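Let us walk through this protein one step at a time. Keep the sequence and the 3D view side by side as you read.

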Amino acid sequence: MLFRSAGYAYVQPSGAIVSGVAFGCRPEFGDHLKLLNDGLTLVKDDTTLWNSLCTKHGIDCDNGKSTFNPAPHLTAGQANVVFATEANWGVHNFLDSKTSLLGGFDVELTRLICATTVFTTAQHKCAIVTVPWQSIWANAFPEFSLTTNPKTYPGLGSDSKWFHCSMGTRNTNSRQRSMAFTSPYTDPRQDVSGFIVKDAVKGTFPQLATSMKVGVMASQGFTQPFKDKFTTANITEKKSQAELDTMLKNGALDAVFTGKAEQKVFMAANAGYSFV
């Protein structure tokens, strides 16, 4: 998908920032976590179905069965499983522009898992709800006089139990403090982050982005690690990738720091940029 248009390069900093994309559950719903992991394993075991789903959506899938240990969060909880999605993350989750129905890899995978015997035998039923991403992971808590969220506290929807689990959630060390994660369903080795810059400056862009005007989307798995590392950059934080893309194209930003899934969408629609 990266090379649908000519003139792009995909280069990323060394070192893993996230541990793949997975289902994230509140710790008190550990029984749901086990159900999800068991269901995910059964879906992955059907290699024809699994490979077809991954190929259909162009996803770098993780084929391992138990590649993340959620043991501390395997506690008792309710049995009804409600999933949250922003429905605004490229091929992962979206609202179909013609039907207004939910679609994408995350949505289809969720439905496949809920159709496995670990769910049906126990008569568990799933539901998917759309919520603002800030309700899952907030970038600020003004009601508590916190204008930023450097400790990665979960959002209102997560803490108020609007749902049991959020799909399309990057697993990071900081998020593990308040969220229980399933095994990943994307390959952590492929889930990299970097800078989108104009082709003309890709070879001279400073390693630490010193004095560069860099935009980053709020409340993402890579947001706080980026802010912690690139302290000499002039950082602008926005709540939508579209805002950042516009600022980059009109010259208000020198670069946008983002993830692989997000840069795929930008690269497919815009010429003259590289990912470094």
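A disulfide is a pair of cysteine sulfur atoms within 2.5 Å. Cys114 and Cys126 fit that description, with their sulfur atoms 2.0 Å apart. Cys114 sits in helix 3 (residues 105-114) and Cys126 in strand 6 (residues 126-130), so this link ties together parts that are 12 residues apart in sequence. Bear in mind that the model is predicted.

Look at the twist of that link. About the S-S bond of Cys114 and Cys126 the angle is -100°, and the link is left-handed. Now ask how well each end is covered. Buried means under 20% relative accessible area, and exposed means over 50%. Cys114 has 13% relative accessibility, so Cys114 counts as buried. Cys126 has 29%, so Cys126 counts as partly exposed.

Stay with helix 3 for a moment. How many of its 10 residues are buried? Seven are, and helix 3 is mostly covered. Among the buried residues of helix 3 are Phe105, Val107, Leu109 and Ile113. Asp106 and Thr110 belong to the buried set of helix 3 as well. So does Cys114, the residue that carries the disulfide.

The structure holds three disulfides. Another of them joins Cys25 to Cys165, with an S to S distance of 2.3 Å. Find Cys25 in strand 1 (residues 21-25) and Cys165 in strand 7 (residues 165-170); the pair therefore ties together parts that are 140 residues apart in sequence. This link is right-handed, with 100° about the S-S bond of Cys25 and Cys165. Cys25 and Cys165 are both buried.

Then there is the disulfide that joins Cys54 to Cys61, S to S 2.0 Å. Is the link of Cys54 and Cys61 left-handed or right-handed? The torsion about its S-S bond is about -105°, so this disulfide is left-handed. Cys54 is buried, and Cys61 is buried too.

Now put the links together. Number the bonded cysteines of the protein in sequence order. The pairing then reads 1-6, 2-3, 4-5. Try tracing that pattern on the sequence.

Next, step to His164. This residue is found in the loop between helix 6 (156-159) and strand 7. Is His164 buried or exposed? At 7% relative accessibility, His164 counts as buried, because buried means under 20%. What does the side chain of His164 reach? It reaches the backbone nitrogen of Val82, at 2.8 Å.

Now turn to a sheet. Strands of a sheet pair through backbone hydrogen bonds, either parallel or antiparallel. Here three strands form an open sheet in the order 3-4-5, and the pairing is antiparallel. Strand 3 and strand 5 (102-103) are the edge strands, and each pairs on one side only. Strand 4 (residues 93-95) is joined to strand 5 by two bridges. For one of the partners, look at Phe94: its bridge partner in strand 5 is Gly103.

Finally, explore the pockets. The largest pocket has a volume of about 500 Å³. It is lined by 29 residues, and the closest to its centre are Asn88, Trp89, Met217, Gln241 and Glu262. Several elements give two or more residues to this lining. They are strand 3 (88-89), helix 5 (133-136), strand 7, helix 8 (241-249) and helix 9 (260-269). Which of the elements gives the most to the lining of the largest pocket? Helix 9 does, with five residues. By class, the lining of the largest pocket has 11 nonpolar, 11 polar and seven charged residues.

The second largest pocket has a volume of about 310 Å³. Its lining has 21 residues, and Ile59, Val91, His92, Ala261 and Lys264 are the closest to its centre. Helix 9 gives the most to the lining of the second largest pocket, with five residues. What classes make up the lining of the second largest pocket? There are eight nonpolar, six polar and seven charged residues.

Look back over the route. Helix 9 gives the most to the lining of the largest pocket, and also gives the most to that of the second largest. Strand 7 holds Cys165 of a disulfide, and strand 7 also gives two or more residues to the lining of the largest pocket.

Terms used:
Residues are numbered from 1 along each chain as its sequence is written. This is a predicted model: local features need pLDDT of at least 70, side-chain atom pairs count only at pLDDT 80 or more; totals for chains, interfaces and linings use all residues. Side-chain values use heavy atoms; hydrogens and water are left out. Helices (H or I, at least four residues) and strands (E, at least two) are DSSP runs, numbered from the N terminus. Buried means under 20% relative accessible area, exposed over 50%, partly exposed in between (1.4 Å probe, protein chains only). A polar contact is a pair of N or O atoms within 3.5 Å; within protein, one must be able to donate a hydrogen and the other to accept it, and residues adjacent in sequence count only if both atoms are side-chain atoms. On a 1 Å grid over the protein atoms alone, a cavity is a set of points where a 1.4 Å probe fits but cannot get out, and a pocket is an open set with protein on both sides within 12 Å along at least five of seven lines; lining residues have an atom within 4 Å of a point. Grid points are joined across faces, edges and corners, and a volume is the space filled by probe spheres set on the points. Ala, Val, Leu, Ile, Met, Phe, Trp, Tyr, Cys and Pro count as nonpolar, Asp, Glu, Lys and Arg as charged, and the others, Gly among them, as polar. Two strands pair if DSSP finds at least two bridges between them.
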